[in-house]
Amino acid sequence: MLFWVIAALLTLGASLAVLLPLAGRSAVRAADGAHDLEVYRDQLAELDRDAGRGLIQPAEAGEARAEIARRILKAGKAAAAGSVGLGGGSTRALGVAAVLAVPLVSWGIYTAIGSPDLPSQPLAARLEKNPADATVDELVARAEAHLAANPQDGRGWDVLAPIYARLGRFDEAVTAYSNAIRLDGASAGRESGLGEALAGVAGGMVTAEAQAAFSRALQLEPGQPKARFFLASALAQEGKVAEALEAWQAMMITLPPDSPWRGAVAQAVQEANSRLAAAGNEAPPGPTQQEIDAVASMSAEDRTAMIEQMVAGLDERLRENPRDLEGWQRLVRSYHVLGRGDEARDALKRGTAALGQDSAEGRQLAEFSTSLGLTAAE
Amino acid sequence: MVEIGHFALVLAFALALVQSVVPLVGARTSNSRMMAVAEPVSMAGFGLVLLAFAVLTVSYAQSDFSVANVWENSHSLKPFIYKITGTWGNHEGSMLLWVLILTFFGALVALFGGNLPATLRATVISVQGWIGAAFLLFILATSNPFARLTPAPIEGRDLNPILQDIGLAIHPPLLYLGYVGFSVCFSFAVAALIDGRIDASWARWVRPWTLAAWSFLTGGIAMGSYWAYYELGWGGFWFWDPVENASFMPWLAGTALLHSAIVMEKRSALKIWTLLLAILTFSLSLLGTFLVRSGVLTSVHAFATDPSRGVFILCILTVFIGGSLALFALRAPSLTAGGLFQPISREGALVLNNLFLTTATATVLVGTLYPLVVEALTGDKISVGAPFFNLTFGPLMIPLLVLVPFGPLLAWKRGDVLAAAQRLMTAFAGTLLAVLATMLFIDGATVLAALGIGLATWLVLGALTDLALKAGFGSASPGTMLRRLTGLPLSMFGTALAHLGLGLTTLGLVGVLSFESEHILTMKPGETTEISGYVLRFDEIAPVQGPNFTESRAKFSLLDAAGKPYGEIVSSKRFYPVRQMPTTEAGIKTMGLSQLYVSLGDETADGSLVVRIWWKPLVTLIWGGTLAMMAGGAVSLFDRRLRVGAPARRRREAIEPAAAS
């Protein structure tokens, strides 16, 4: 509103600048020749001064004086003959057009190219307004301004880092996480965030550097879902799809029902399955997407029951078709994770017997079990 | 309030249209009411453009990134002074500054034009209105600085780091004051052609405008040269770069105009030629604007290239240059010629000056446009560099410089060369001494350098001789001399100062070109090197965090031959992360008139640093001389002649005749 008022006032002022002289009385002005006479008189005076300084010889000064005198005569005649113009009346139309042109042209063009509704947005004011109204960009800028002033504020970096990652500004996320770790110490969340940001910088590749960060996170908090998920992704990226799949499936089993990671893991499992299928290997029969979705929507008892059922199904399959290292590994781990240690050891024994104690596969199963903290001896 | 600025700009365009038509029609039909529209409209137009410019500046100061122009060229972390100067450190903003200065000059003509004949004043202001309307339309149509962004980004893209320098605060405004100042001379010339007659007060008005524009242009070019010298890190001050030439051509033509306007003012001679020069000078200013703004040339000045802008400016260029020259061809034959003079006379000397200067302008024009024409016709990229200009421009300038001291000593209408030469004997003797001294004491092998020094001495002594003779040196008592000296018109001091400055600049050029020494070496902290009698010690290099850059700052100690500390030099390399651009900040130590220039190169693997060191003898005189030229222009401006010509003021002057001289 204020804008329109000011714009109207400006237009009014500009129109008056055109209108007033046109509406005013004709000024009586000197004929142009009169101005010339003044200049010629001054030239004469200057000529005398120059002659006095010897800048012009007396003879030439005389000639010059005659030249100027001739011009004065001519100008005097012109002044006498010339009319002091007071103006004709036929130009009224042009005057009206000129006065009208000011508002018409300016408002016409401005409506076409202006943005009258857009207020000024000085940066300081944008950063000071209520955070609830601010966009993410503005909040980030505000935090950046704060951190530029207080670079030792670890908490600030901690808050900003995941936002950077969310916005896809991974370079800055890496810096922010590193600063947070440097200032406030390592935590599983910061280390895994750093790993995620490093992976983001590398275009999604979980690099050795990122893996190191995730491993540190797992040391600080075993079972941390983000670290486990990305480490599994690293396996998949290295071509060890089966191992990755196993890790994800294990996550599926152990993740709490309300974990936000379930969706991502489920998708990863499905992709891994289809990758294995595409590679020509028969996919190790794991839970299908429908089954996983079903799991996600079940109650806790139902889910336990379903898992029990799946494990039992696996157990049954391995009795019929025992030469399946991966199957035995899954079975051992399933029992182990479900906390049924005896059955896990039993499965290990059966698997070892089926694969052969001294065969490569048998040894592999033993190693795998050892890594879970199981030995056949117990 | 951004939109207020936008609206003010549009309104200024509407007023410029009225200004282009109404006063002109009034002048042609002797309608004094319509002529009277000129003054308020041109002042209101200036006020509106000023408002628009102020709004844009505030948007920059407040980092309002909802303005696209601010977002493209600013950054919230930029130091405040560069936020302000950034307003014109880009295409749109610089065009707005151009128009601001144009309307400013238009308003000045309206404000101080009381002693001009009314028709001339109305026509001049109308012609200013044409230029203003054309450029305002250009801004609104192709380069609107008030284009908005929504939603507004939260951070800008920063200004080109090379432009983040105090030079940006000085160089463009001065240069534009010069370029655009010539628009007034142009308007006067076109007005005279439209009128079909040249009033006697015409030259009285054109000369001060030429002087003012020329002084500003001189300062703008000198500042640009010094800026390039310390910022680009090569230690060069003039590259015959097309963009530099674009500003140099109007300067050369303007210098010619300045001199021919004297003849016209004093003797009413050379009228038609002066008109033509006024048109040519502003045409060259327009050409410069076109070359720099259209993106035809790539350089630090071509902020953004957009073909539509180039075509638009080309149209403006064609209409104004073609139109004014056509008008000239049509009307010039009917203009009456003025006073007579002999070939050997002050007038003749000034004509000679004009011949040399316009030929030099043509040379630079050819050297600048030839590569563009070749590229347009054949697609080949060729460059016409320093060798071409040294071979053509140099030989033209040397005889001109030799002749400069003669000019002010020749009498009007008919002069005596022999008498003038006799009076210059002292200056000539001094010149010979300077040449001999250079050959004996500095370097006997460089005859050319010694002659160059001699030429500079000749100019300086010639300027001083002029003043001494006019004061009556040798023929009057000291008291009389002082009285005569203080009684001289200011314009004579202006002439002497400007010619003196020319000599000083020549001395600086010869000094650097002939006696400069350059050392390139790798240094480690603690190492020393010797240069021109001084010892330079590399103390340390350390990283420094700037507001919007990081910098490697190297400290050097300067010791004199005896090993005593003489001073410190800090030279650094900066990196601006937003634009991902490095810059060099040369370390410069001024000693007397000479400078030691230290610039950093790359760091080598073993931790040592490539350091380039130049010893630049007398280099400061290059710019010091231009300051003297500017001062000469300013002194001349205060000469009383500007105030003559108004019939109403006749009586007041009669009361105080003593003030006249």
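Two strands are taken to pair where DSSP finds at least two bridges between them, and this is the sense in which pairing is used for the hairpin described further on. The model examined here is a predicted one, and the account begins with chain B as a whole.

The secondary structure of chain B amounts to 21 helices together with nine strands. Its radius of gyration is 27 Å, close to the 26 Å that the globule rule gives for 661 residues, so chain B is as compact as a globular protein of that length. Along the principal axes, the C-alpha trace of chain B spans about 80 × 75 × 55 Å. Buried positions make up 56% of the 661 residues of chain B. Among the contacts in chain B with a separation of 6 or more, 74% are between residues 24 or more positions apart.

Turning to the interior, the largest nonpolar core has 246 residues, and those with the most contacts inside it are A:Trp248, B:Ala12, B:Leu15, B:Val18, B:Cys185, B:Phe188 and B:Ala278. Helix 1 (residues 2-29) of chain B provides the largest share of this core, with 18 residues. Another core, of 18 residues, lies apart from it and includes B:Ile588, B:Val598, B:Ile613 and B:Trp614. As for B:Ala12, its contacts beyond the neighbours within four places in sequence are B:Gly45, B:Leu48, B:Val49, B:Ala52 and B:Leu136.

The contact between the chains takes 65 residues from chain B and 64 residues from chain A. On the chain B side, the elements that give two or more residues are helix 1, helix 2 (32-36), helix 3 (38-61), helix 7 (118-142) and helix 9 (200-231). Helix 1 of chain B again deserves a mention, as the largest share of this side, 17 residues, comes from it. By character, the chain B residues that touch chain A divide into 37 nonpolar, 17 polar and 11 charged.

A good place to end is strand 9 (residues 609-616) of chain B, which is mostly covered, with six of its eight residues buried. Strand 9 runs antiparallel to strand 1 (residues 517-523) of chain B, and seven bridges join the two. Seven bridges also join strand 9 to strand 8 (residues 594-603) of chain B, again in an antiparallel arrangement. B:Val611 in strand 9 is the bridge partner of B:Leu521 and also of B:Leu600. Strands 8 and 9 of chain B form a hairpin with five residues between the strands, in which B:Gly607 takes a positive phi near 85 degrees.

Terms used. Residues are numbered from 1 along each chain as its sequence is written. Chains are lettered from A and ligands numbered from 1 in the order in which they are written. This is a predicted model: local features need pLDDT of at least 70, side-chain atom pairs count only at pLDDT 80 or more; totals for chains, interfaces and linings use all residues. Helices (H or I, at least four residues) and strands (E, at least two) are DSSP runs, numbered from the N terminus. The radius of gyration is taken over C-alpha atoms; the globule rule is 2.2 Å times the number of residues to the power 0.38. A residue is buried if 20 or more other C-beta atoms lie within 10 Å of its own, exposed if 12 or fewer, and partly exposed in between; C-beta atoms are placed from the backbone. Two residues are in contact if their C-beta atoms, placed from the backbone, lie within 7 Å. A nonpolar core is a set of buried Ala, Val, Leu, Ile, Met, Phe, Trp, Tyr and Cys residues joined through C-beta atoms within 7 Å. Ala, Val, Leu, Ile, Met, Phe, Trp, Tyr, Cys and Pro count as nonpolar, Asp, Glu, Lys and Arg as charged, and the others, Gly among them, as polar.
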